[in-house]
Amino acid sequence: MSKALIELVRERFPGAVTSSSSDRGDDSVVVKRESLLEILTFLKNDEATQMKLLADIVALDMLTYQSEMTGGGSLASQEVTSYSLSKKPQGEPRYRILYNLYSVTLKHRLHVRVEVRSDDAKVPSAVGIWKAADWLERLAWDMMGVEFTGHPNLKRILLYPEFVGHPLRKDYPVQKRQPLVAELDFPDLVRGPGPGPGGAGVPMSQTHVGRTNVDPTTYD
Amino acid sequence: MSDPRFPIVTSQGNQPEAPKGTGEQSNLAPVLLTRRDEAIGFFERALSGTLGWARKNSIFQYPFVTACCGMEYMSAMCGRYDIARFGAEFPRFTPRQADLLMIVGTINIKQSPVLKTVYDQMCEPKWVMAFGVCASSGGFYDNYATVQGADRIIPVDVYVPGCPPRPEQVLDGLRILQEKIQSQRHSAATVEMSDDVRKRGLFSKLSSR
């Protein structure tokens, strides 16, 4: 049934679908970024699809994988062990943004995927199509740093505004912390200084991010 | 000290005995006390014991509940385990009326200014219990968002490990805190300085006896 969905998108937008896969009823299409909004609008409004529900937006960082554009369900061919951008071949897309669409009336599901490169991590915003995309895109921006152009209010949704960087990127240090309160400076025998605050010869009391100017509107 | 009206006496009770057979003098200097010092010491003990007894048996708690440990906190509060048996009867939901800050659950970095504010709002004397392994050390949340133990922000008196701790562990931690409160010493100098005691001439009477 859902294979018909893939075929429908392929027929309607020739050249926009770079690959597709259908595995155990889990269907996905990889589309080009330029025609993303057209395809999403079509999938929501067409009588044959009726994807009224945007269930989720998922952002993936494929930094440690050598991804392939071949599609067909191959997620990763070879794992890159160290976190190094130089190991990633130039021109390969680093981020995957996946729209999980569901039709409540017709009870079918389709994953629409876009792949972008790290030097151009921008995706057009889908807020104009689904209102649910607002917070989902803010979360993806907060955690993964994918910019959604045209979003009306693109700012952090979970983390505090003083936070620098995007923590779920693979090249963000696992134990790097950005405390808001000056931490007490004491030798920690059990947990050790660690690479976080207090590590690398920097006293914990000097590593905090000062909260000088709290604007309550930044937390809504 | 050398006033002949006040003969020097040596305290008899708690001095460690000099090592026998060595023939050398002990390195520990003998504690010399005047009767005035003894009187002050007596009052210190009496005051500290009474204050400690009163404080340890009426611990008002402020539950700073942030995570799943709150379930065990509720269990410790309710009928079967009943933390009220040990005097910790009332949860006060304002830090200004609380003696004990119970940090129940994970503290993440975004919450840490709130925790610091709550602690600063509590009146002295105040104590802090880290309830559960997340509040004690960050637990397994070794990541960008979590404070690695509440003691990196505010001083903590008692750590109760467990994920979550059993209510019995919480009661045990409370008993340890009670022992700590009971053993706290309060200087009688503050009593001596207070106007009430000075007007009565209590210390002058005792020391001139």
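This briefing walks through a few strands of chain A and then the nonpolar cores. Keep in mind that the model is predicted. Strand β4 of chain A, residues 95–102, is a good place to start, with side chains that alternate between two faces. After that comes the largest nonpolar core, which has 40 residues.

**Strand β4 of chain A and its partners**

- In a regular strand the side chains alternate between the two faces of the sheet.
- On one face of β4(A) you will find A:Tyr95, A:Ile97, A:Tyr99 and A:Leu101, which are buried.
- A:Arg96, A:Leu98, A:Asn100 and A:Tyr102 point to the other face and are not buried.
- Strand β3 of chain A (residues 53–61) pairs with β4(A) in the antiparallel sense, over 8 bridges; here A:Arg96 has A:Leu60 standing opposite.
- Strand β5 of chain A (residues 109–116) is also antiparallel to β4(A), with 8 bridges, and its A:Val114 stands opposite A:Ile97.
- The hairpin of β4(A) and β5(A) has 6 residues between the strands, and A:Lys107 takes a positive phi near 60° there.

**The nonpolar cores**

- In soluble globular proteins, nonpolar side chains tend to be buried together.
- Within the 40-residue core, the residues with the most contacts are B:Leu101, B:Met102, B:Ile103, B:Met129, B:Phe131 and B:Ala150.
- Elements of chain B that give two or more residues to this core include β4 (100–104), β5 (127–131) and α5 (167–182).
- Setting aside neighbours within four places in sequence, the contacts of B:Ile103 include B:Phe64, B:Val128, B:Ala135 and B:Ala150.
- A second, separate core has 33 residues, among them A:Val9, A:Leu54, A:Ala133 and A:Val146.

Methods:
Residues are numbered from 1 along each chain as its sequence is written. Chains are lettered from A and ligands numbered from 1 in the order in which they are written. This is a predicted model: local features need pLDDT of at least 70, side-chain atom pairs count only at pLDDT 80 or more; totals for chains, interfaces and linings use all residues. A residue is buried if 20 or more other C-beta atoms lie within 10 Å of its own, exposed if 12 or fewer, and partly exposed in between; C-beta atoms are placed from the backbone. Helices (H or I, at least four residues) and strands (E, at least two) are DSSP runs, numbered from the N terminus. Two strands pair if DSSP finds at least two bridges between them. A nonpolar core is a set of buried Ala, Val, Leu, Ile, Met, Phe, Trp, Tyr and Cys residues joined through C-beta atoms within 7 Å. Two residues are in contact if their C-beta atoms, placed from the backbone, lie within 7 Å.
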